[in-house]
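Student: I would like to go through this structure and ask, for each label, why it is used.

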Amino acid sequence: MKFSSALQFNAVPDWAQYYIDYSGLKKKLYVIERDIVSQNGQPGESTGGATDESHTLLEPQNQAYAAFVPLLDAELAKVDRFYERKEAELFAQADMVERDIDKLQGIPTLQRRSSATFFQKLSDMGDSAPRIEGASSAQPVHPRNQSLDIDSTIPHDVTNAYIPHEHDESTYAPSLAGVEEGVRGSSHISRTSMSDRVHRTSFSENEVLRRELRIRSRDLFILLHDLRSYAQLNYTGFSKITKKFDKVTSSALRSTYMTETVHAASAFGEAAQNRLRKHMEAMAYAYGLAAQCTSLDDALRELKQCLREEVVWERNTVWRDMIASERMVDAVGVQSPDLQGGLQKSRRITNTQRQMLRLSLCTVVFGVAWAVPLFSGVEQQRCWAMLVYVSLLWATEALPLHVTALLVPLLTVMLGVMRSPAKSHQSLGASDASKAVFSAMFSSVIMLLLGGFALAAALSKHDIARMLASWVLSRAGSNPRTVLLANMLVATFASMWISNVAAPVLCFSLIKPILRTLPPGSTFAPCLVIGIALASNVGGMASPISSPQNIIAINTMHPAPSWFQWFAVSIPVCIMCDVCIWLLLLFVYQPNKSTPAIHQTRFTSERLSRRQIYVCIVTVVTILLWCFESQLAFVFGDMGIVAVIPLVLLFGFPTVLGKEDFNNFLWTVVMLAMGGIALGRAVESSGLLHELAGRIENIVDGMPVFSVLCVFCALILVVCTFISHTVGSLIILPIVSEVGARLPEPHSRLLVMGAALMASGAMGLPVSGFPNMNAIMLEDTLGNPYLSTMDFFKAGIPASFVAYAVVVSIGFVIMTLLGF
């Protein structure tokens with residue numbers, strides 16, 4: 001989650017107007033980026049000659065500095081004034097509590113802890129406090145320097161700084177219960193009957209004073225903690241906004257401004273922190289005396305329970321961003337205003353009624369397919385009806401895709417479509433059929449899919465994918481042609497490792513600085529957005545884990561190709577597709593006419609942390625094991641077993657990947673793949689696959705392998721343009737495999753892989769794959785979409801034909817040479 005959201009969540013509500021206006025400063029910075037930096041040229045570019053180079057380097061930075069630093073100074077002055085006023089107010093109240101605490105009688109003396117170790121002790125007790133894990137951020141940072149607590153709790157890289165949470169009135173009650181019990185129990189301390197009578201006599205005055213001081217010291221401790229959090233949060237805000245300024249303007253404001261200006265403010269000085277530490281310790285001591293705690297540690301523990309839960313933010317992953325986008329689409333709808341009263345409203349068809357209508361039509365077709373005899377075997381006829389029914393449910397989305405996938409094993413068992421693998425081919429009973437279908441659903445390819453998800457989550461969560469992509473894009477320059485090609489190649493490469501579902505989410509976040517600085521009406525914006533979407537679709541061909549249809553193809557091919565064989569075919573095909581689509585987009589949009597130069601992507605060099613190095617090592621080792629799986633079959637047996645390694649190594653350490661990351665996997669895709677495998681097993685077991693392949697074989701009889709490949713690639717291109725790539729592959733690839741095995745010269749693997757590559761190349765419409773759907777939803781700051789359906793008609797459909805031509809030409813030649 002962005003820091004502006006973290007600031008909103010963690011700020012004290014009554015003090016909200018006195019925090020740093022981080023969102024406002026960020027908006028001003030974007031205006032500076034557009035109006036000053038972009039208009040004066042890219043910092044760091046040389047236009048020839050020493051004088052010109054000095055002008056391009058210094059002038060835009062000086063203008064940006066002159067425009068932005070006064071805004072920072074104003075915010076710093078606001079924060080400092082409020083801190084000083086609130087500090088004086090709270091310290092005065094704390095001094096009164098210290099004077100009143102001496103009025104209590106019969107109070108055992110507590111040992112006061114030295115100020116130097118007070119915050120360390122309070123931080124050490126933080127593990128016992130309740131926490132809420134938020135959507136995005138960092139782990140708590142333990143103090144490193146006891147002399148200046150604000151620097152000890154905020155690391156040098158404030159991107160992941162720990163932000164403590166403030167108190168909530170609703171959290172006071174739990175701690176009071178224990179205190180009241182202690183008060184009631186304290187009446188038994190009396191030693192003699194006389195002292196007991198004296199205690200009862202003075203109970204009214206002494207106990208009322210004790211309760212009052214307990215409440216006052218507790219409330220002041222919470223307010224002092226809020227003041228400390230206020231300083232930490234604002235310090236983080238200034239550090240982050242100056243870091244963002246340095247990134248936008250390629251300057252070094254952060255180090256000088258934080259050292260010379262922010263540290264000089266009274267709110268962030270060492271003296272202020274020492275005073276705050278002293279008074280918090282005094283309030284904890286006063287609370288311990290008033291509540292009759294046995295030690296200062298007990299007092300701190302009770303006070304800690306009065307604070308509101310801490311929120312631990314973790315860095316966003318592409319999976320979480322993607323799931324949030326999907327939920328946003330599902331939650332937002334457009335409803336026409338009711339202008340003609342209740343009669344018109346009653347005639348409107350709701351989404352539920354529309355869904356029930358589609359479901360009813362699919363069920364009617366299922367009944368017709370069941371009743372019309374097309375096959376001689378009972379199991380084949382029933383399986384045919386089930387295949388038609390499931391295919392229609394997937395195509396029309398009468399039910400969610402994953403729900404239809406879960407329906408497959410239910411229908412398979414209840415309809416009795418599975419037969420014994422023995423020569424007798426007897427129909428299996430419900431018990432045997434259920435065991436057979438469930439054993440088929442969870443196969444090695446599902447583990448391969450989960451292993452790919454784990455690598456993708458780790459690479460995105462620990463910022464490795466973004467750093468690598470930013471490094472490549474920073475070297476693309478400012479020429480729109482070069483930048484477009486670089487972004488397309490990055491999208492394709494990212495799709496190889498984090499899937500073509502997650503890659504566009506990453507790439508669209510990287511191009512936001514470019515889109516912000518484009519002039520109004522620039523054709524480069526839609527050109528770049530659709531270029532990334534199309535390249536991400538192409539990247540779905542690149543590796544076995546880049547898309548679900550590749551997983552399905554591997555499961556269908558016997559023997560399965562090695563990773564080296566897959567790369568030998570896919571990488572040349574992907575590169576040629578990207579280059580051809582790039583030329584197509586340049587011809588359609590002609591971006592250089594409207595935008596001769598663009599804002600150059602900047603890369604900030606960052607040292608890899610130990611976790612990032614660990615993730616890189618696990619990723620490289622896993623990919624190498626997948627590549628050499630055939631040579632290591634005597635050790636691992638299958639690629640699915642290798643996929644267990646990254647799952648164990650990455651999730652074995654919660655600081656690398658945690659339970660939430662596991663829950664954020666695309667389980668709907670996993671269920672869809674499992675349902676497709678179950679459907680394929682049912683079609684094969686019933687004998688329907690054999691019958692369908694035999695009839696298609698009669699149609700393609702006498703045709704060369706190249707022609708058969710062209711026919712099947714055209715078929716899957718049409719089907720996957722209108723329905724999900726995964727669904728199209730689930731339905732068609734098993735039939736393609738069986739037909740290829742029946743050819744005079746069997747080329748089952750060639751036809752299956754060609755069809756799988758073509759499934760990713762079907763990208764003609766906004767509904768053709770997740771990258772297209774994500775691109776059509778992308779909007780500018782005013783809420784205007786960058787793309788329309790016409791953009792896909794102009795570029796998407798021609799790009800699909802380009803991919804078709806490359807797959808049936810270059811792909812066919814390479815697969816033939818490799819002996820597919």
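Student: Where is the place of Pro-559?

Tutor: Pro-559 sits in the loop between helix 23 (548-556) and helix 24 (563-589). This is a predicted model, where local features need pLDDT of at least 70 and side-chain atom pairs count only at pLDDT 80 or more, while totals for chains, interfaces and linings use all residues. Residues are numbered from 1 along each chain as its sequence is written, and side-chain values use heavy atoms, with hydrogens and water left out.

Student: What makes a stretch count as a helix or a strand?

Tutor: Both are DSSP runs, numbered from the N terminus: a helix is H or I over at least four residues, a strand is E over at least two. By that rule the protein chain has 36 helices and two strands.

Student: Is the peptide bond from His-558 to Pro-559 cis or trans?

Tutor: The bond is cis, and its omega is near -5 degrees.

Student: Which residue other than glycine has a positive phi near 55 degrees?

Tutor: That is Glu-397, found in the loop between helix 15 (378-396) and helix 16. Gln-590 is not a glycine either, and its phi is positive at about 45 degrees. Gln-590 belongs to the loop between helix 24 and helix 25 (591-594).

Student: Why does Gln-590 count as partly exposed?

Tutor: Buried means under 20% relative accessible area, exposed means over 50%, and partly exposed is in between, with a 1.4 Å probe and protein chains only. Gln-590 has 37% relative accessibility, which falls in between, so the label is partly exposed.

Student: Why is Met-763 called buried?

Tutor: Its relative accessible area is 0%, which is under the limit, so Met-763 is buried. Met-763 is in the loop between helix 34 (748-761) and helix 35 (770-777).

Student: Which residues does Met-763 touch?

Tutor: A contact means heavy atoms within 4.5 Å. Leaving aside residues up to four places away in sequence, Met-763 touches residues including Leu-534, Val-538, Ile-581, Phe-792 and Ala-803. From C-alpha to C-alpha, Met-763 and Cys-720 are 8.2 Å apart, with their positions 43 residues apart in sequence.

Student: Why does Cys-627 count as buried, and what about Cys-720?

Tutor: Cys-627 has 6% relative accessibility, and Cys-720 has a relative accessible area of 0%. Each value is under the limit, so each residue is buried.

Student: How many disulfides does the structure hold?

Tutor: The count is zero. A disulfide would be a pair of cysteine sulfur atoms within 2.5 Å.

Student: Is Thr-412 buried or exposed?

Tutor: Thr-412 is buried, because its relative accessible area is 0%. This residue of helix 16 (residues 401-415) touches Met-386, Val-417, Met-418, Val-437 and Ala-682, not counting residues up to four places away in sequence. Phe-221 in helix 8 (residues 203-249) is buried as well, because its relative accessible area is also 0%. The C-alpha atoms of Phe-221 and Ala-286 are 9.8 Å apart, for residues 65 apart along the chain.

Student: What do the buried residues of helix 19 pack against?

Tutor: They pack against helix 18, helix 20 and helix 26 (610-627). The buried residues of helix 19 (residues 464-473) include Ile-464, Met-467 and Leu-473. Across the whole protein chain of 820 residues, 53% count as buried.

Student: What makes a space a cavity?

Tutor: On a 1 Å grid over the protein atoms alone, a cavity is a set of points where a 1.4 Å probe fits but cannot get out, and lining residues have an atom within 4 Å of a point. Grid points are joined across faces, edges and corners, and a volume is the space filled by probe spheres set on the points. This gives four cavities of 30 Å³ or more, and the largest holds about 70 Å³.

Student: Which helix gives the largest share of the lining of the largest cavity?

Tutor: Helix 33 does, with four residues. Among the lining residues of the largest cavity are Leu-387, Gly-680, Leu-730 and Ile-735.

Student: How do the classes of that lining come out?

Tutor: The lining of the largest cavity has nine nonpolar, one polar and no charged residues. Ala, Val, Leu, Ile, Met, Phe, Trp, Tyr, Cys and Pro count as nonpolar, Asp, Glu, Lys and Arg as charged, and the others as polar; Gly is among these others, so Gly-680 is polar. The second largest cavity, of about 60 Å³, has seven nonpolar, three polar and no charged lining residues.

Note on methods:
1 Å grid on protein atoms, 1.4 Å probe; cavity = no way out; pocket = protein on both sides within 12 Å on 5 of 7 lines; lining within 4 Å.
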